[in-house]
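This report describes the fold of a single protein chain for readers who have its sequence and coordinates at hand. Please consult the display below while reading.

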Amino acid sequence: MPEGGGAAGPDDHGQRPAWGRHGRFPPGGSRRYPPGGPRAGRRPPWWPEGEPFPPPWRGGPRRFPRRVGLLVAVAVGLLFLVSGLAWRLLWDGQHGPGGGGQGWSGPPFPLLILGLLGVAFVVGRAVRRLAAPIGEVMEAADRVAGGDYSTRVQVRGPGEVGRLADSFNQMTERLQASETQRRALLADVAHELRTPLSVIRGNVEGMLDGVYPADETHLGPVLEETAVMARLLDDLQILSTAEAGVLRLYRERLDPVALAQDTTAAFRARADRAGVALACRAAAPVPAVDVDPVRIGEVLANLLTNAIRHTPRGGSVEVVVGPAPGGVAFAVSDTGPGIDARDLPHVFDRFVKSADSGGAGLGLAIARSLVQAHGGQITAESTPGQGTTMRFVLPAVESSGGSSG
């Protein structure tokens, strides 16, 4: 932080400075207070000007157990006080010290004191076991609210308290993963948009400077790059709405074999140009499906595009439709080089693509989201050198959840 203080906020490393028992620690970790100490009301030279001094007390993990213990102690004390008053009123002082002029007629007084101390000890341990973990969760929740999603707490305490800590850790893990994905998505989108924007800017500046004529030759690449950007934005919109569960589906009851055959026929010309044999068949009679034909057609089209692109000339691509437990399975198999075992678990992640891919790496991520939006599942199987099989299963009409939209 520059000399002279500044606005309150994170330090140069993105983390808030440490809080000590008596306030904020100065740089270096030692507490250097001015003469008179922090309780004299003087602001240390390293204290930010935008924050009050001394700082408000921020509890910490030990304050909550102390509060609970104090509350229990007060409750026990009031209980004994009320019990004593009721005893004296109901029995007119016939028990206790001097009751009825006979002296102490109840238990021995030292034994009563030991009993009270024992009860206090047991209650104190119980309160500590219960309240200390809850206090740690409360303190950790403050750190998460401040943006520290790496916060974790120790799972301890009775069953319900332990489950609370475990649930808190799972929540922070999901928040941290979501934040990591969000940052990665922003970086990937910026990277994918940088190339077409550079092409557009270079051509437009060249035409404005008179270097290039404003003809079809130089305006064509600009139009192509705008189409690339529009396709990328459309893909991102489909992906975001599908992952958020708000994608509108126009379901129809269809024959899955006919749907696969129609999509395959649309790619036959492309397969012929690539020298790849393309076939579609039904492995067995299958029930009808209740799906959005446009969206499932996009899934099949994406899988066929990848399969034809990665299959060498003379290879083959086959689409097989068959029954599956609770639904209908669509499998697109190719005889290409396959996918490395290290990359196979990530093929459905966003912006993951091979070196020879011409897209932005969103096709398989969109395919997975569309299949999941229909209540299905998609998987990938591959052996290097022996090809790849992309398989997704959709619920049949009998087990489908009905139309949405």
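The report treats the chain as a whole, then its strands and cores, then its helices.

**Overall composition**

The model is predicted. Its protein chain contains 8 helices and 9 strands. Of the 405 residues in the protein chain, 32% count as buried. Among contacts with a separation of 6 or more, 64% are accounted for by residues 24 or more positions apart.

**Strand E7 and its partners**

Strand E7 covers residues 327–334, and 7 of its 8 residues are buried, so the strand is largely enclosed by the rest of the structure. Strand E6 (residues 316–324) runs antiparallel to E7 and is joined to it by 8 bridges. One bridge pairs Ala 324 with Gly 327 of E7. The two strands form a hairpin with 2 residues between them. In that turn, Gly 326 has a positive phi of about 80 degrees.

E7 also pairs with strand E9 (residues 387–395), again in the antiparallel sense, over 7 bridges. Here the bridge partner of Val 332 is Met 390, in E9.

**Nonpolar cores**

In soluble globular proteins, nonpolar side chains tend to be buried together. The largest nonpolar core of this model has 53 residues, and those with the most contacts inside it are Val 317, Phe 330, Val 332 and Phe 392. Apart from this core lies another, of 6 residues, among them Val 137, Val 153, Ala 165 and Phe 168.

The surroundings of Val 332 can be set out in detail. Leaving aside residues up to four places away in sequence, Val 332 touches Leu 300, Leu 303, Leu 304 and Ala 307, together with Val 317, Glu 318 and Val 319, and also Thr 388, Thr 389 and Met 390.

**Helix packing around H8**

Two packed helices are described by the angle between their axes and the distance between the axes. The table gives these values for two pairs that involve helix H8 (residues 363–373).

| Helix pair | Angle between axes | Distance between axes |
|---|---|---|
| H4 (residues 216–243) and H8 | about 35 degrees | 9 Å |
| H7 (residues 293–309) and H8 | about 145 degrees | 9 Å |

The crossing of H4 and H8 is left-handed. On the H4 side, Asp 235, Ile 238, Leu 239, Ala 242 and Glu 243 meet Ala 365, Ile 366, Ser 369 and Leu 370 of H8. By class, this contact of H4 with H8 has 6 nonpolar, 1 polar and 2 charged residues.

The crossing of H7 and H8 is left-handed as well. H7 contributes Arg 295, Glu 298, Val 299, Asn 302, Leu 303 and Asn 306 to the contact, while H8 contributes Gly 363, Leu 364, Ala 367, Leu 370 and Val 371. By class, the contact of H7 with H8 has 6 nonpolar, 3 polar and 2 charged residues. Leu 370 thus appears in the contact with H4 and in the contact with H7.

**Two acidic residues in helices**

Glu 225 is found in helix H4. With a relative accessible area of 18%, Glu 225 falls under the 20% cut-off and therefore counts as buried. Not counting residues up to four places away in sequence, Glu 225 touches Pro 196, Val 199 and Ile 200.

Asp 166 is found in helix H3 (residues 159–208). Its relative accessibility is 34%, so Asp 166 counts as partly exposed. Asp 166 and Arg 152 are 14 residues apart in sequence, and their C-alpha atoms are 9.1 Å apart in space.

Methods:
Residues are numbered from 1 along each chain as its sequence is written. This is a predicted model: local features need pLDDT of at least 70, side-chain atom pairs count only at pLDDT 80 or more; totals for chains, interfaces and linings use all residues. Side-chain values use heavy atoms; hydrogens and water are left out. Buried means under 20% relative accessible area, exposed over 50%, partly exposed in between (1.4 Å probe, protein chains only). Helices (H or I, at least four residues) and strands (E, at least two) are DSSP runs, numbered from the N terminus. Two strands pair if DSSP finds at least two bridges between them. A nonpolar core is a set of buried Ala, Val, Leu, Ile, Met, Phe, Trp, Tyr and Cys residues joined through side-chain atoms within 4.5 Å. Contact means heavy atoms within 4.5 Å. Axes are lines fitted to C-alpha atoms, for helices over the stretch in contact, and angles run from 0 to 180 degrees between N-to-C directions. A crossing is left-handed if the near helix is turned anticlockwise from the far one by less than a right angle, and right-handed if clockwise. Ala, Val, Leu, Ile, Met, Phe, Trp, Tyr, Cys and Pro count as nonpolar, Asp, Glu, Lys and Arg as charged, and the others, Gly among them, as polar.
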